[in-house]
Amino acid sequence: MSQNAPGHSRGLKKTHKATIAGVAALGAAALTLSLVPGNGSTETEPLALNTHQKVAWSYDASSPQAKALAASVSDQHTALGLKAKQDALLKTKAQAAAQAKAKAAAKAKADAAAKKRAAEAKAAAKAKAKAAAKAAAKKRTATKTAASRSVTRTPVFANNLDGWIREALFIMDKHDIPGSYHGLHKNIMRESSGNPYAINNWDINARNGIPSKGLLQVIYPTFKAYHVKGTKFDQYDPVANIVAAANYAADRYGSIDNVNSAY
């Protein structure tokens, strides 16, 4: 087609081309030409189209048909755009829903794990407390048993000089007070001849009002200071007198065994 043909536009926009194509499709079924002869009469004859013959088209964008076709194409584009936006929105919503579902599942899993850990910690603490209580009860039982055995094993001593010395040694051993049977016996015999009620009323202590008393002739201040808990608080009690005197001798001389004269 010649670009210089009369009645034709040199350049067509894409919209124009689409409109021409639409018009051509609509008019391809039937096309008539109005012929006006020289005598003024008007006859209309059908004109057969040769599909191999080139036809020149004239385009008028302001025609109703062109406007209608352009509006239709615009509406289709708008509809396609709206559908694309709707599809994108639905896809975004689906993705958001999937993410929320995954997040909820992860949170539920984490909560379940935390709950499990808390239950395990609680069970462990309960087991530990139970074990501690059991151990404490076992210890109390062992202590009671030991105390019971100790009471059971406490020997019975004779109520005489030999028994008093042996009972005093038994108590001294519990309190780590040094001394031997021989050391106690020799000092008792020198001080009181084995008389638990012996008293010295003539020495300097007697003149000062604190006479020496008992098997090992202990004055009251000394007896009071070195008295051993668990024995009678009585200077004349033979066992209490021996233990207090032995405790005093251990503090001053290292042991009653080291005493060989008045002390």
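Author: Start with handedness: a crossing is right-handed if the near helix is turned clockwise from the far one by less than a right angle, and left-handed if it is turned anticlockwise. By that rule the crossing of α3 and α4 is right-handed, and so is the one where α3 passes α7. Keep in mind that this is a predicted model.

Reader: Fine, and what does the whole protein look like in terms of helices and strands?

Author: There are seven helices and two strands. From the N terminus on, the order is α-β-β-α-α-α-α-α-α. Buried residues account for 21% of the 263 residues. Of the contacts between residues at least 6 apart in sequence, 49% join residues at least 24 apart.

Reader: Back to the first helix pair. The axes of α3 (residues 161-174) and α4 (residues 181-191) come within 10 Å and cross at roughly 130 degrees. What makes α3 oblique to α4?

Author: Perpendicular covers 65 to 115 degrees and antiparallel starts over 145. Roughly 130 degrees falls in neither range, so α3 is oblique to α4.

Reader: Which residues of α3 and α4 meet there?

Author: From α3 you have L161, D162, I165, R166, L169 and M172, and from α4 Y181, L184, H185, I188 and M189. By class, that contact has eight nonpolar residues, one polar and two charged. Tyr counts as nonpolar while Asp and Arg count as charged, so Y181 goes with the nonpolar group and D162 and R166 with the charged one.

Reader: α3 also packs on α7, at about 50 degrees with the axes 9 Å apart. Why is α3 called oblique to α7?

Author: An angle has to be under 35 degrees to count as roughly parallel, and roughly perpendicular begins at 65. About 50 degrees sits between those limits, so oblique is the word for α3 and α7.

Reader: And what meets what between α3 and α7?

Author: W164, I165, E167, A168, I171 and M172 in α3 face P238, V239, I242, V243 and A246 in α7. That contact comes out as ten nonpolar residues, no polar ones and one charged. Glu is in the charged class, so E167 is a charged residue here.

Reader: On to the rings. How many aromatic pairs does the structure hold?

Author: Six. One of them is Y220 with F233, at 6.3 Å centre to centre and 85 degrees between the planes. Y220 is in helix α6 (residues 220-226) and F233 in the loop between α6 and α7 (238-253), 13 residues apart. Ring pairs also bring in F223, giving a cluster of Y220, F223 and F233.

Reader: How do you know that Y220 and F233 form a pair, and what makes it edge-to-face?

Author: Ring centres have to lie within 6.5 Å, and planes over 60 degrees apart count as edge-to-face. The 6.3 Å and 85 degrees of Y220 and F233 pass both tests, so the name holds.

Reader: Why does Y220 count as partly exposed?

Author: Partly exposed lies between 20% and 50% relative accessible area. Y220 is at 37%, so it belongs there, and so does F233 at 47%.

Reader: In the loop between α5 (204-207) and α6 sits S212. Is S212 buried or exposed, and how do you know?

Author: S212 has 6% relative accessibility, under the 20% limit, so it counts as buried. Beyond its sequence neighbours within four places, S212 is in contact with A198, I199, N200, D203, N205, Q217, V218 and I219.

Reader: What makes G209 exposed?

Author: G209, in the loop between α5 and α6, has a relative accessible area of 54%, over the 50% cut-off, so it is exposed. Its C-alpha atom is 9.7 Å from that of I219, ten residues apart along the chain.

Technical notes:
Residues numbered from 1 in each chain as written. Predicted model: local features only at pLDDT ≥ 70, side-chain atom pairs only at ≥ 80, totals over all residues. Heavy atoms only, no water. Axes fitted to C-alpha atoms, helices over the stretch in contact; angles between N-to-C directions. Helix = DSSP H or I, 4+ residues; strand = E, 2+ residues; numbered from the N terminus. Contact = heavy atoms within 4.5 Å. Phe/Tyr/Trp six-rings, centres within 6.5 Å; stacked < 30°, edge-to-face > 60°. Buried < 20%, exposed > 50% of the residue type's maximum accessible area, 1.4 Å probe, protein only.
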